[in-house]
Amino acid sequence: MTKVVLSIGSNMGDRMAHLQSVLDGLGAGAVAVSPVYETDAWGVVEQDPFLNAVVIADDPVLDGYGWLRRAHEFEDAAGRVRERHWGPRTLDVDLVSCIGTDGEVLLGDPDLTLPHPYAHVRAFVLIPWLAVDPDATVTVEGRARPVAACLDAVDAGERAGVRRTDLQLRLTGRG
């Protein structure tokens with residue numbers, strides 16, 4: 001039912017292996033992946049930097065809640081422990097946006113908010129997203145906005161803190 005934009009990040013252990021585990025788990029459902037970026041921690045800053053990327057995936061069966069379950073399965077498999085909000089983590093998989101047959105899914109419920117309520121102000125999400133989908137839009141305050149315009153509104157210092165690396169993730173499950 002939906003295409004999903006996932007923001008993936010890791011700042012503990014084998015960061016690249018944790019990110020790659022998402023692509024491996026999605027298999028042929030992963031249709032695009034951004035370059036890998038390194039960013040300083042956001043929120044609780046006394047921790048190691050993150051590797052971040054954006055993955056676009058498609059599954060005709062999953063809805064937003066199905067994608068949320070998949071995200072939690074990936075995090076659990078990577079040994080994610082939820083001890084501290086915005087604390088260090090082996091793997092963070094956030095649903096940024098879901099696009100169904102009728103367009104972007106808008107959902108505001110205690111378990112899942114779509115699009116992600118902070119995606120439009122986080123350079124570590126917007127920069128990789130634009131790298132993989134330069135024409136992307138996201139609904140902000142009830143209207144579709146170009147992701148590029150959202151990025152333009154983010155503080156220049158925060159944008160500069162998202163550093164592209166030479167590291168590459170692999171799409172898997174292609175036959």
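Here is a short walk through this predicted model, one selection at a time.

**Stop 1: the main core.** Start by selecting Ile8, Leu26, Leu95 and Leu169. These are the residues with the most contacts inside the largest nonpolar core, which has 28 residues. Now colour the elements that feed it: strand 1 (2-10), helix 1 (15-26), strand 2 (30-33), strand 4 (50-59), helix 2 (64-77) and strand 5 (92-100) each supply at least two of its residues. Helix 1 gives the most, with 5 residues.

Keep Leu95 on screen and show what is around it. Leaving aside residues up to four places away in sequence, Leu95 touches Val4, Val5, Leu6, Gly64, Trp67, Leu68, Ala71, Leu112, Leu114 and His116.

**Stop 2: helix 2.** Several of those neighbours lead you here, so select residues 64-77. Helix 2 has 14 residues and reaches 20 Å from its first C-alpha to its last, close to the 20 Å expected at 1.5 Å a residue. Zoom in on its start: a side-chain oxygen of Asp63 comes to within 3.2 Å of the backbone nitrogen of Tyr65. Then go past the other end, where helix 2 is followed by Gly79, with a positive phi near 80°.

Next, highlight the buried residues of helix 2: Gly64, Gly66, Trp67, Leu68, Arg70, Ala71, Phe74 and Glu75. What covers them? Among the covering elements are strand 1, helix 1, strand 4, strand 5 and strand 8 (113-114).

**Stop 3: helix 3 and Val125.** Select residues 123-132 for helix 3. This one is mostly covered, as 9 of its 10 residues are buried. To see them, pick Ala123, Phe124, Val125, Leu126, Ile127, Pro128, Trp129, Leu130 and Val132.

Is Val125 buried or exposed? Val125 has a relative accessible area of 5%, under the 20% cut-off, so Val125 counts as buried. Show its contacts and you'll find Ser7, Val54, Val96 and Ala119, again not counting residues up to four places away in sequence. For a sense of scale, draw a distance from Val125 to Asp14: they are 111 residues apart along the chain, and their C-alpha atoms are separated by 21 Å.

**Stop 4: the hairpin.** Finally, select strand 9 (residues 137-140) and strand 10 (residues 143-146), which run antiparallel and are joined by 4 bridges. One pair to click on is Thr139 and its bridge partner in strand 10, Ala144. The two strands form a hairpin with 2 residues between them, and Glu141 in the turn has a positive phi of about 50°.

Key:
Residues are numbered from 1 along each chain as its sequence is written. This is a predicted model: local features need pLDDT of at least 70, side-chain atom pairs count only at pLDDT 80 or more; totals for chains, interfaces and linings use all residues. Side-chain values use heavy atoms; hydrogens and water are left out. Two strands pair if DSSP finds at least two bridges between them. A nonpolar core is a set of buried Ala, Val, Leu, Ile, Met, Phe, Trp, Tyr and Cys residues joined through side-chain atoms within 4.5 Å. Buried means under 20% relative accessible area, exposed over 50%, partly exposed in between (1.4 Å probe, protein chains only). Contact means heavy atoms within 4.5 Å. The expected span of a helix is 1.5 Å times one less than its number of residues. A polar contact is a pair of N or O atoms within 3.5 Å; within protein, one must be able to donate a hydrogen and the other to accept it, and residues adjacent in sequence count only if both atoms are side-chain atoms.
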